[in-house]
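Here's a friendly walk through one corner of a protein model. Take a look at the structure first, and then we'll go through it piece by piece.

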Amino acid sequence: MPIEPQVETGDSAVHYDTAPVLFERMLDRNMNYSSGFYAQGDEDLDQAQILKMDRVAATCGFQPGQTLLDMGCGWSGPARYYAEVHQMNVIGYTLSSVQRDFAMEKARERGIAERLDIRVCSVLDAELPDESVDHVIFFESIIHMWEKLELFQLCHRALRPSGMLFVQESNYDRNSNTDKFRSERGFQAVDDVFGNTANMVSTGEMMRLMEEAGFLACYTENISNHYKKTLAQWSDRLDLHAAEMEAAEPEFFPNLRRYIMLALATYRQEGTLCHMTAAQKTPNNWIRRTPV
Ligand SMILES: C[S@@+](CC[C@H](N)C(=O)[O-])C[C@H]1O[C@@H](n2cnc3c(N)ncnc32)[C@H](O)[C@@H]1O
C-alpha cells in the first residue's frame with residue numbers, strides 16, 4: 001500500500017522558483033542538486049558530480065543518440081551533461097519555469113539546445129508515446145512525488161523493451177521507521193523549506209513498487225557517505241558565500257542554510273540513507289558495466 005500523506009507538506013515549487021543565483025553559489029558548475037560520487041574520497045564537488053553521472057551512464061549503458069527521460073530535472077545539470085558529453089536526446093520535467101529558462105539559456109550557450117526538451121509540467125501529466133524512450137532517471141526528485149507506483153507504471157509504458165529505470169534517492173533504513181522520523185524535531189522544518197519530504201520511503205519499498213510496476217531490480221548501491229560529503233561541501237560553500245547570498249535573498253538564505261544543516265545532521269545520525277537503484281524493463285541479462 002502506498003503511504004498516504006499524514007502531515008502538512010511544504011511547497012517544493014517555492015524552493016525551485018527561487019533565483020538560481022543563490023544555488024549557483026552553493027552547487028557545482030553544472031548545478032546538480034543531488035549527491036555526487038567520490039571514488040577516491042578527495043574529489044571536489046565538480047569532479048564528484050561528473051563521476052556520479054558517468055557511473056549512472058555506465059551502469060545503465062547510455063549510448064549517443066538514445067533518448068533519456070529525466071523526471072524532476074532541476075536546473076538540468078544532469079540533462080545538459082548527458083546531452084553534451086554523452087550526446088543523448090534528453091526530455092526533462094520540472095515544475096519550475098525558472099529552472100526551465102535557466103537550463104535552456106545554458107544549453108543555447110553550449111550549442112546543445114536542440115538535444116534538450118525541458119517541459120514545465122508535473123511528471124504525472126507527462127505525455128509520452130509508448131516505448132519511446134531508452135532510459136529514465138529520477139535523481140533525488142521522487143521524494144517530492146506521492147504517486148510512485150503510477151509513475152513507475154508510466155515509465156514502464158514509455159520505456160523501450162531494453163530500457164533501464166534509475167532512481168537515486170534519500171530513504172529510511174526501513175519502512176517501519178517512517179512514522180518515527182516524521183515525528184522528529186526538525187522534520188517539519190526541512191519539509192517547510194524543501195517540500196514534500198513526507199513522501200520518503202525505504203529502498204526496499206522503492207524496489208517493491210518497481211516490481212509491482214513490472215520492473216526487475218538489478219542493482220542497488222548505498223551511497224549515503226557520498227551524500228554526506230556532498231552536503232558538507234554544499235554547507236562549506238554556503239559559509240563561504242554567506243554575506244553575498246544573504247544580501248541577494250535575505251528571507252530564503254537562512255531557510256536554505258537551515259535545511260542543508262538539518263539534512264546533513266540526519267545523514268550523520270544515519271536516520272537517512274541514500275541509495276542508487278537500477279531496474280530493467282525486461283530480463284535481458286543485465287551486466288554491470290561500471291568498474292567497482
Ligand atoms: C532536488 S531537485 C533534483 C534535480 C535534479 N534531478 C538534479 O539531480 O540536479 C527535484 C526536482 O524535482 C522537480 N519536481 C518535483 N515534483 C515534480 C513533479 N510532480 N513533476 C515534475 N517535476 C517535479 C522539482 O521541480 C525539481 O526540479
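Let's start in the middle of things, keeping in mind that this is a predicted model. Asp 70 stands opposite Ile 137 in strand β4. That pairing belongs to a parallel match between β1 and β4 (residues 133-139), which runs over three bridges.

β1 has another partner too. It pairs with strand β2 (residues 89-94), again in the parallel sense, over five bridges. Here Leu 69 is the residue to find, since it stands opposite Ile 91 in β2. The two partners of β1 look like this:

| Partner of β1 | Sense | Bridges | Facing residues |
|---|---|---|---|
| β2 (residues 89-94) | parallel | five | Leu 69 and Ile 91 |
| β4 (residues 133-139) | parallel | three | Asp 70 and Ile 137 |

So how is β1 linked up with β2 and a helix? Together with helix α4 (residues 77-84), the two strands make a right-handed β-α-β unit.

Now, is β1 itself buried or exposed? Strand β1 (residues 67-71) is mostly covered, with five of its five residues buried. In a regular strand, side chains alternate between the two faces of the sheet. Here both faces are covered: Thr 67, Leu 69 and Met 71 are buried on one side, while Leu 68 and Asp 70 are buried on the other.

Finally, the ligand. It's surrounded by 23 residues, and the closest are Ser 34, Gly 72, Gly 74, Phe 139 and Ser 141. α1 (12-17), α4 and β2 each supply at least two residues of that shell. As for its chemistry, the shell divides into ten nonpolar residues, twelve polar and one charged.

Technical notes:
Residues are numbered from 1 along each chain as its sequence is written. This is a predicted model: local features need pLDDT of at least 70, side-chain atom pairs count only at pLDDT 80 or more; totals for chains, interfaces and linings use all residues. A residue is buried if 20 or more other C-beta atoms lie within 10 Å of its own, exposed if 12 or fewer, and partly exposed in between; C-beta atoms are placed from the backbone. Helices (H or I, at least four residues) and strands (E, at least two) are DSSP runs, numbered from the N terminus. Two strands pair if DSSP finds at least two bridges between them. A crossover is right-handed if, with the strands pointing away from the viewer, the path from the first strand over the helix to the second runs clockwise. A residue is near a molecule or strand if its C-beta atom, placed from the backbone, lies within 6 Å of it. Ala, Val, Leu, Ile, Met, Phe, Trp, Tyr, Cys and Pro count as nonpolar, Asp, Glu, Lys and Arg as charged, and the others, Gly among them, as polar.
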